Amino acid sequence: MANNPTQPNVGFIPSNPEQEQDRQTPIHPPPPPPTFAAPPRFPPPILHLQKDQGSIHSANGSPVPHLSTPPGPPVFTSPVRPAAVPFRTSPVSPQPPALSTASSLPTSSSPPYSNGSFDLQSQASGGLEDHIPLGESSSFVLFSAHKVLKQKKQANVPSLGFGALVSPGREVSTGPQVIQRDPHRCQSCGAYANIYCNILLGSGQWQCVICRKLNGSDGEYIAHSKEDLHRFPELSSPMVDFVQTGTKRPGYVPVSDSRMSAPVVLVIDECLDEPHLHHLQSSLHAFVDSLPPTTRLGIILYGRTVSVYDFSEESVASADVLPGDKSPSQDSLKALIYGTGIYLSPMHASLAVAHSIFSSLRPYKLNVPEASRDRCLGTAVEVALAIIQGPSADLSRGVVKRSGGNSRIIVCAGGPNTYGPGSVPHSFNHPNYPYMEKTALKWMENLGREAHRHNILVDILCAGTCPVRVPILHPLAKASGGVLVLHDDFGEAFGVNLQRASARSAGSHGLLELRTSDDILITQVVGPGEESHVDTHETFKNDTALYIQML
């Protein structure tokens, strides 16, 4: 899977003519996509993946999750009637009442459900599911049932379909393992060797979990015991990142490494009243304590001016100040970048300085309403872009540089952008407001596109009771591949999302491949993407995967 911008969850609604679900158990999934407007009809439970239920591949990164506090669980639609369109980007019609958590489906004396097991030669290794930590196997895939019926007659009794909620961008606390080689793929259907495959220890052959064909591994999987196979990440972990040699480029940084090394610049609103500032300071202190030691951090404050903090001063919070009424000139940026100040510093060397900077912040003192205070957010983001690019910006005119890792600008906003480029007047009654709003929208979108060209994401986290003029700020975040999230205050939820914003994987133009066993038919896909037609039949004659292009 290639990189993908901030996309919410993708819900897959498969219908199985041979299998149906057995029982329901409530779970707490990640946030549903905004297209799910209807309230949840039943809570989808967690299912620990079985060998015959599907295979999902991820390579070279993954899309990003929502950062807001999770609302209720998403809606799984009933595939009782075939969908007129197999791919949906909007909610479906109301659903029938859900089964209670205590209800069960009819069963016979013999076990009526399949657990995905199958026989191979005696020298084959068993599945490695026993070695999957609880919950890890379903960290980004949630199924609507723990077990599925395999007898068609009984499976037809209930009217509830079998579904899966796929969140390919869900954050992974430890980071996925990175494999610097091409994955082993089934020569028949194109599926990938994974933790659910059976391995012939003597020959190193592996059996595809989708089409059950045997494939060679060039001798890599030859082992004395199945425990020896645990050294292969794809055979011991439910999710890995492959850096495929065919797409590897100079300067490429694997996703787990980029999260550790890409710079993060905080752009902070300095026009806050004391209660809001107190909460923000607490969140910022916790945020820098959570950053990996190698993460480079920058701190910028904006109000009527832009203050860029210098990490070379250890005893006092020191900042270089630029005017906020216009975009910074090339001369002023050169003086800043080529000067003696250190504006991006690794956390292991500057943690104490960062804490002292946050402690030095003071509340807004003038007697001006919150919505009328001058905030030059646009100029501050321009300065942040220049600092991240550094002196190399002069050498890359017209050339798009992509180091592989996403740099991040996280804006902590408590009010609208009302000063400098990209701003709108304080009052909606301003005679020129419609024209200035149109100009601001275009300017913000162009700034976001410029950030995206340089692989820099701009996330905007808003908080407080002051209107922030979301239509003006949103184009900046969206065009860069970032998100805009609203909070009631700068407290706990804001702090958690601040930490998520610095660690989440991100990118653009992701391709999601979905493969399932022959007895599972996908009837609907609900989510922010569109079906992509990828011709792989020259390589894999029986490739029946569903390809989804993330937007």
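This is a short tour of the structure, stop by stop, with something to select at each one.

**Before you start**

You're looking at a predicted model, where local features need pLDDT of at least 70, side-chain atom pairs count only at pLDDT 80 or more, and totals for chains, interfaces and linings use all residues. Residues are numbered from 1 along each chain as its sequence is written, and side-chain values use heavy atoms, with hydrogens and water left out.

**The whole chain**

Show the cartoon first. The protein chain has 10 helices and 24 strands; helices (H or I, at least four residues) and strands (E, at least two) are DSSP runs, numbered from the N terminus. Buried residues make up 53% of the 551 residues. Here buried means under 20% relative accessible area, exposed over 50%, and partly exposed in between, with a 1.4 Å probe and protein chains only. Among contacts between residues at least 6 apart in sequence, 80% join residues at least 24 apart; a contact is heavy atoms within 4.5 Å.

**Stop 1: helix α8**

Select residues 433-453. At 1.5 Å a residue, the 21 residues of α8 should span 30 Å, and the end C-alpha atoms are indeed 30 Å apart. (The expected span is 1.5 Å times one less than the number of residues.) Now colour Tyr433, Ala440, Met444, Leu447, Gly448 and Ala451, which are buried. Looking down the axis of α8, you'll find the buried residues within an arc of 100 degrees, so they line one face of the helix; the arc is that of the directions from the helix axis to the C-beta atoms. An α-helix has 3.6 residues a turn, so residues three or four places apart point the same way.

Which exposed residues sit on the face turned away from the buried side of α8? Pro434, Tyr435, Lys438 and Lys442 do. On the buried side, the cover includes α7 (377-389), β19 (456-463) and α9 (470-480).

Still in α8, pick Arg453. Arg453 is partly exposed, with a relative accessible area of 29%. Measure across to Ala479: the two are 26 residues apart in sequence and 10.0 Å apart in space, C-alpha to C-alpha.

Step on to Asn455, in the loop between α8 and β19. Asn455 has a positive phi of about 60 degrees although it is not a glycine. Most residues other than glycine have a negative phi. Asn455 is also buried, with a relative accessible area of 12%.

**Stop 2: helix α7**

Next, select 377-389. α7 has 13 residues and reaches 19 Å from its first C-alpha to its last, close to the 18 Å expected at 1.5 Å a residue. Is α7 mostly covered or mostly open? Mostly covered, with 12 of the 13 residues buried. Right after α7 comes Gly390, whose phi is positive, near 70 degrees.

**Stop 3: the nonpolar cores**

A nonpolar core is a set of buried Ala, Val, Leu, Ile, Met, Phe, Trp, Tyr and Cys residues joined through side-chain atoms within 4.5 Å. In the largest one, of 39 residues, show Val267, Ile300, Leu377, Val381, Ile409, Val411 and Ile460, which touch the most other members. Two or more residues each come from β13 (264-269), β14 (296-302), β15 (305-310), α7, β18 (407-413), α8, β19 and α9. α7 gives the most, with 8 residues. Zoom in on Ile460: beyond its neighbours within four places in sequence, its contacts are Val411, Leu473, Leu476, Ala477, Val483, Leu484 and Val485. Another core, of 31 residues, lies apart from this one and includes Ile299, Ala354, Phe358 and Ile410.

**Stop 4: α4 against α10**

Select 274-290 and 492-503. These helices, α4 and α10, pack at an angle of about 35 degrees, with their axes 9 Å apart. (Axes are lines fitted to C-alpha atoms, for helices over the stretch in contact, and angles run from 0 to 180 degrees between N-to-C directions.) Which residues meet here? Leu280, Ser283, Leu284, Ala286, Phe287 and Ser290 in α4 meet Phe494, Gly495, Leu498, Gln499 and Ser502 in α10.

**Stop 5: two loops**

Pick Gly464, in the loop between β19 and α9. Not counting residues up to four places away in sequence, Gly464 touches His276, His487, Asp488 and Asp489.

Finish at Ser188, in the loop between β8 (177-179) and β9 (198-200). At 15% relative accessibility, Ser188 counts as buried. Leaving aside neighbours within four places in sequence, Ser188 is in contact with Cys211, Lys213, Asn215, Phe540, Lys541, Asn542 and Asp543.
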